[in-house]
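Before reading on, please take a moment to look over the sequence and the fold shown here, moving from one chain to the next. The report below is meant to be read slowly, with the structure open beside it.

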Amino acid sequence: MTAVAIPTPPAARRTSFLHGMRVVGYRAVRSIPKEPETAVPAIIIPVFFFVVNIGALQNIAEFADPGFDYKAFQLPVAIIFAVTGISRASMLVTDIQDGYFDRLLMTPVPRRALLLGLMIADFVLVVALSVPVLILGFAVGVRFETGVLGVLLFTLMGAMWGLVFTGFPYSIALKTGNPGAVNSSFILFFPFAFLTTSFLPQEALTGWLSAIATWNPVTYLLAGMRALVSDGWDWDAIGKAFLAILGVGILTQTMALLALKGRVARG
Amino acid sequence: MSAAAAVVCEGVRRHFGATEAVAGVDLEVQPGEIYGFLGPNGAGKSTLVRVLCTLITPTDGRARVAGFDVADDPDAVRLRIGVALQDAALDPKQTGTEFLLLQARLYGMTPAEARSRLDELQALIDIGDAIDRQIGTYSGGMARRLDLAAALVHHPQVLFLDEPTTGLDPASRAKVWDEVRTLNEDMGMTIFLTTQYLEEADELAHRVGIIDKGRLVAEGTPQALKQSVGTDVIVARVDGDAEVAKAAVEGIDGIDAVEIHRDELTATANDGAAVISPVAVALNGCGVTVRDLTLRTPTLDDVFLELTGEHIERGQAPVAEEAER
């Protein structure tokens with residue numbers, strides 16, 4: 001045995017939660033342009049629905065309620081369509097399958113930073129996806145009653161919603177490590193995005209759809225966002241929108257963190 | 001439990017449901033040692049490595065690495081170990097440079113420290129300009145060397161290599177062996193190496209632990225382990241009743257022990273050259289047909305065979321066999 005060499009002292013240091021999140025987030029953000037297949041459909045779908053919905057329903061909606069601006073009514077829907085279900089969960093599954101996630105687990109980076117770092121990239125992406133939709137809205141004549149600050153808050157609301165929704169695909173990714181299951185999580189988008197006031201105001205909904213929409217957090221999110229566009233600083237609607245985001249966020253992020261804990265425990 | 005040892009296991013067990021992957025392992029690896037952990041597929045090697053690397057906790061028993069308990073202080077262990085698992089754990093969409101810089105940053109190095117370390121590692125792994133290519137384009141050998149570099153980025157005290165050469169061509173395998181020797185001899189790094197290749201353990205390890213069905217069945221220097229079997233080994237492959245052949249050979253003076261495994265008869269002796277003729281005569285006279293008869297020195301496979309009655313699985317050919325193809 002040769003044991004005469006003096007080992008070099010380890011260069012590793014314990015890292016803070018923020019440092020870990022920043023480094024993991026940096027990698028995740030840089031991965032976005034390498035996977036355009038994630039972002040391209042996410043921008044086509046909201047633009048498609050925005051254009052089709054306005055084309056199909058604008059005249060009827062504005063005929064029934066003169067003075068009603070259906071384009072302004074649809075802009076928040078387009079944003080929600082753009083940001084809901086967008087995440088780096090597929091990257092996480094790939095990392096799990098390639099063994100790279102194990103490598104991350106063997107670094108001194110705190111576990112939760114490995115997940116929340118990915119969400120930094122999600123936040124960047126959903127904000128980026130909101131921009132072309134907003135530009136389209138402005139191009140067709142939508143104006144914000146609340147001005148520039150309202151636009152910023154509107155974007156923040158959409159981004160926060162997109163962020164809290166990522167808890168679903170992340171928990172599925174961590175629980176299953178299966179890309180097919182993660183792709184299937186997109187199906188959760190439909191009840192949240194359609195069983196609500198996507199096409200008509202709540203007072204126009206009837207029966208079961210009206211009942212479900214009352215319980216759907218997206219109804220309150222849309223109401224808050226629409227208030228920023230059409231009504232002004234309606235703090236009641238805005239407050240309820242943030243409460244809806246908070247409620248869903250507590251549920252989804254708890255699910256994701258528990259799934260992370262389970263994945264770490266299983267090794 | 002020795003406080004100074006680099007790796008200590010005391011009664012380590014790990015269950016997965018009803019399956020006991022590691023069934024009570026006790027071992028110690030000293031600082032500066034290359035410890036070869038040899039066993040067939042499914043013996044529990046990788047599970048024990050995952051315990052020692054803090055990826056899973058032991059169901060029972062205690063393990064310390066670099067002086068810290070893997071269950072009680074896993075973060076302290078993580079700062080001091082480098083790991084290259086069985087499959088290279090890489091991000092195929094990053095370049096080699098991006099990957100190593102990120103790895104350094106994950107270990108708390110500053111950007112300047114990371115850049116400086118990258119230069120050192122480039123010299124070690126020697127993959128040339130490929131370092132700036134996407135990892136997805138790398139050959140198996142290049143990927144494995146990059147994986148090794150990532151394991152070394154923070155100057156670990158203890159390096160775990162889980163079957164580091166499985167699936168590599170002979171040239172790449174020899175290169176990894178050289179790197180392992182360099183790390184140990186020049187940098188004093190303790191290396192815990194799992195392998196299913198007899199030659200690898202024989203070639204690299206100062207001491208070898210042999211694991212079977214989750215238990216450590218033998219431990220020692222490769223030389224001592226081989227000597228425990230005998231000085232020489234005579235192997236005969238026979239058609240016919242192997243039990244009859246065994247009985248015929250057991251009676252020969254100078255034969256220490258005889259084992260049969262399917263159609264293969266293995267006899268150990270201190271002076272194989274002196275007894276091979278009587279063995280040939282005995283086999284010829286007992287009604288079996290001898291297909292081949294060889295005399296050789298013992299291998300670690302003979303040790304494993306004597307201890308477990310089985311050969312180590314050779315799902316993937318060792319260097320010598322592969323090179324012949």
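What follows describes a predicted model, beginning with chain A, going on to chain B, and ending with the places where parts meet.

## Chain A and one of its helices

Chain A contains 13 helices and 0 strands, and the elements from the N terminus on are accordingly written as an unbroken run of α. Along its principal axes, the C-alpha trace of chain A spans about 90 × 35 × 35 Å. Of the 267 residues in chain A, 42% count as buried. If we take the contacts in chain A with a separation of 6 or more, 79% of them are accounted for by residues 24 or more positions apart.

Helix H3 (residues 70-83) of chain A offers a good example to follow in detail. This helix has 14 residues and reaches 21 Å from its first C-alpha to its last, which is close to the 20 Å expected at 1.5 Å a residue. Is H3(A) largely enclosed by the rest of the structure, or largely open? Because 12 of its 14 residues are buried, H3(A) is largely enclosed by the rest of the structure. Among the buried residues of H3(A) are Phe73(A), Leu75(A), Val77(A), Ile79(A), Ile80(A) and Phe81(A), and the list also includes Lys71(A) and Gln74(A). The buried residues of H3(A) pack against helix H2 (36-64), H6, helix H7 (147-165), helix H10 (189-194) and helix H12 (217-231) of chain A. After the helix comes Gly85(A), whose phi is positive, near 90 degrees.

## Strands and sheets of chain B

In chain B, an open sheet of 4 strands has the order E2-E1-E4-E5, with antiparallel pairing. Its edge strands are strand E2 (19-29) and strand E5 (68-69) of chain B, each of which pairs on one side only. Strand E4 (residues 60-65) of chain B is joined to E5(B) by 2 bridges, and Arg64(B) has Asp69(B) as its bridge partner in E5(B).

Strand E3 (residues 34-38) of chain B is mostly covered, with 5 of its 5 residues buried. In a regular strand, side chains alternate between the two faces of the sheet. Both faces of E3(B) are covered, since Ile34(B), Gly36(B) and Leu38(B) on one side and Tyr35(B) and Phe37(B) on the other are all buried.

The table sets out three strand pairings of chain B, together with a residue pair from each.

| Strands | Sense and bridges | Residue pair |
|---|---|---|
| E3(B) and E8(B) | parallel, 5 bridges | Tyr35(B) and Phe192(B) |
| E3(B) and E9(B) | parallel, 4 bridges | Phe37(B) and Gly209(B) |
| E4(B) and E5(B) | antiparallel, 2 bridges | Arg64(B) and Asp69(B) |

## Where domains and chains meet

The domain assignment of chain B gives domain 1 (7-220) and domain 2 (226-311), and 37 Å separate the centres of these two domains, taken over C-alpha atoms. The contact between them takes 9 residues from domain 1 of chain B and 7 residues from domain 2 of chain B. On the side of domain 1 that touches domain 2, helix H7 (198-204), strand E9 (207-212) and strand E10 (215-220) of chain B each supply at least two residues. The residues of that side divide into 7 nonpolar, no polar and 2 charged.

The two chains also touch each other, in a contact that takes 39 residues from chain B and 30 residues from chain A. Helix H2 (74-80), helix H3 (96-106), helix H4 (111-125) and helix H6 (170-187) of chain B each supply at least two residues of the side of chain B that touches chain A. The residues of this side of chain B divide into 17 nonpolar, 9 polar and 13 charged.

## The largest nonpolar core

In soluble globular proteins, nonpolar side chains tend to be buried together. Which residues touch the most other members of the largest nonpolar core? Of its 171 residues, they are Leu221(A), Leu52(B), Leu146(B), Phe160(B), Phe192(B) and Val249(B). Helix H6 (residues 111-139) of chain A gives the most to this core, with 12 residues, while at least three residues are drawn from each of domain 1 (7-220) and domain 2 (226-311) of chain B. Leaving aside its neighbours within four places in sequence, Val249(B) is in contact with Ile255(B), Val258(B), Leu265(B), Ala267(B), Val279(B), Ala282(B) and Leu283(B).

Methods. Residues are numbered from 1 along each chain as its sequence is written. Chains are lettered from A and ligands numbered from 1 in the order in which they are written. This is a predicted model: local features need pLDDT of at least 70, side-chain atom pairs count only at pLDDT 80 or more; totals for chains, interfaces and linings use all residues. Ala, Val, Leu, Ile, Met, Phe, Trp, Tyr, Cys and Pro count as nonpolar, Asp, Glu, Lys and Arg as charged, and the others, Gly among them, as polar. Domain bounds come from an automatic or database domain assignment. Two strands pair if DSSP finds at least two bridges between them. A residue is buried if 20 or more other C-beta atoms lie within 10 Å of its own, exposed if 12 or fewer, and partly exposed in between; C-beta atoms are placed from the backbone. A nonpolar core is a set of buried Ala, Val, Leu, Ile, Met, Phe, Trp, Tyr and Cys residues joined through C-beta atoms within 7 Å. The expected span of a helix is 1.5 Å times one less than its number of residues.
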